[in-house]
Amino acid sequence: MIELKTGEEMDRIARGGAIIAALYREMEQRIQAGVSTGELDRFAEEFIRSHEGAEPAFKGLYGFPGSICASVNEEVVHGIPSDERVLKEGDILSLDTGVRLDGWCSDSAWTFPVGELAPATARLLEVTEEALERAIAAARPGKHVGDIGHAVEEAVRGTGFAIIRDLVGHGIGRKVHEEPQVPNRGKPGSGPVLEAGLVLAIEPMIAVGTWRIRTLSDRWTVTTTDRRPSAHFEHTVGVTEEGPRILTALRDPVASAT
Ligand code: MG
Ligand code: MG
């Protein structure tokens with residue numbers, strides 16, 4: 001069942017979402033060669049809990065051990081933070097974080113460069129971020145879930161990059177994962193209709209090489225099968241009559257206007 005949220009409920013989701021945005025701003029300074037993903041995880045947990053009532057929503061979710069997913073290079077999603085995993089120059093690091101505040105969840109991912117990137121990797125980050133922007137722009141009442149996936153496809157077309165097919169975005173609210181699923185490919189006008197009040201985690205995952213993925217023996221880390229890099233950008237977005245409302249932004253234009 002797809003549950004719609006009121007404007008006030010979106011405000012609450014946005015309060016948690018702003019914590020993730022602020023965390024990522026802090027992370028930008030901290031992500032550099034020589035830093036481990038375990039250190040980043042501890043910083044993230046402390047940062048989230050320093051906001052009254054806020055908890056890392058991923059910690060313990062389906063048994064996940066970290067407060068953040070930290071996926072390096074060919075790791076697409078669900079990388080387990082570790083003191084053994086030390087970043088080096090030229091890496092990319094995809095962080096994925098959920099916050100629960102007052103019973104409402106928010107979810108956002110960002111891929112960060114570690115120093116200078118190879119040109120194809122730098123381009124991958126640009127294309128994936130643009131795919132997210134275009135997908136968000138499609139999240140309007142009267143459109144369909146398929147229009148979101150189609151917008152991702154349009155952003156990737158002609159780049160030679162591949163959309164990860166087997167992982168999808170999702171509805172979000174009281175739980176991190178709610179209906180509907182939000183695939184990153186789709187036909188315009190297909191799938192469930194987008195109604196005002198729908199809150200979606202929109203999250204294109206795009207790889208330099210193949211779209212095929214596998215899960216490592218740690219039972220969490222998902223990598224590309226060709227071990228070439230993959231990027232991930234995600235926002236929690238409210239569908240409103242006024243247009244898409246990004247609920248994991250540092251400043252929420254709708255909330256700050258009221
Ligand atoms: Mg996420
Ligand atoms: Mg998500």
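Here are some questions and answers about the predicted model shown above.

Because no residue can be placed without its numbering, note that residues count from 1 along each chain as its sequence is written, while chains are lettered from A and ligands numbered from 1 in the order in which they are written. In this predicted model local features need pLDDT of at least 70, side-chain atom pairs count only at pLDDT 80 or more, totals for chains, interfaces and linings use all residues, and side-chain values use heavy atoms, with hydrogens and water left out.Reader: Which protein residues donate to the magnesium ion (ligand 2)?

Author: Happy to start there. Donors are N, O and S atoms within 2.8 Å of the metal (3.2 Å for Na, K and Ca), and water is not among the atoms, so sites may look incomplete. The spacing of the donors along the chain is D-x62-H-x32-E-x30-E. Lying 2.1 to 2.2 Å from the ion, they are Asp107 (OD), His170 (NE2), Glu203 (OE) and Glu234 (OE).

Reader: Which residue coordinates both magnesium ions, ligand 2 and ligand 1?

Author: The two ions are 3.1 Å apart. The residue coordinating both is Asp107.

Reader: How many residues apart in sequence are the parts that Asp107 and Glu234 tie together?

Author: Helices (H or I, at least four residues) and strands (E, at least two) are DSSP runs, numbered from the N terminus. Asp107 belongs to strand S5 (residues 104-113), whereas Glu234 sits in the loop between strand S13 (230-232) and strand S14 (235-238), so the parts tied together are apart in sequence by 127 residues.

Reader: Is Glu234 buried or exposed?

Author: Buried means under 20% relative accessible area, exposed over 50%, and partly exposed in between (1.4 Å probe, protein chains only). Asp107, at 2%, is buried. Glu234 has 0% relative accessibility, so this residue counts as buried.

Reader: Which strands stand at the edges of the five-stranded open sheet?

Author: Two strands pair if DSSP finds at least two bridges between them. The order is S8-S7-S9-S14-S15, with antiparallel pairing. Each edge strand has a single partner, so one side of each lacks a neighbour in the sheet; these are S8 (178-182) and S15 (245-246).

Reader: What is the bridge partner of His170 in S9?

Author: Strand S7 (residues 169-171) and S9 run antiparallel, joined by two bridges. In S9, the partner of His170 is Ala201.

Reader: Which helix supplies the largest share of the largest nonpolar core?

Author: A nonpolar core is a set of buried Ala, Val, Leu, Ile, Met, Phe, Trp, Tyr and Cys residues joined through side-chain atoms within 4.5 Å. The largest one has 30 residues, and Ile148, Ile202 and Ile206 have the most contacts inside it. Helix H3 (119-137), helix H4 (145-156) and strand S9 (199-202) each supply at least two residues. The largest share, seven residues, comes from H3.

Key:
Heavy atoms only, no water.
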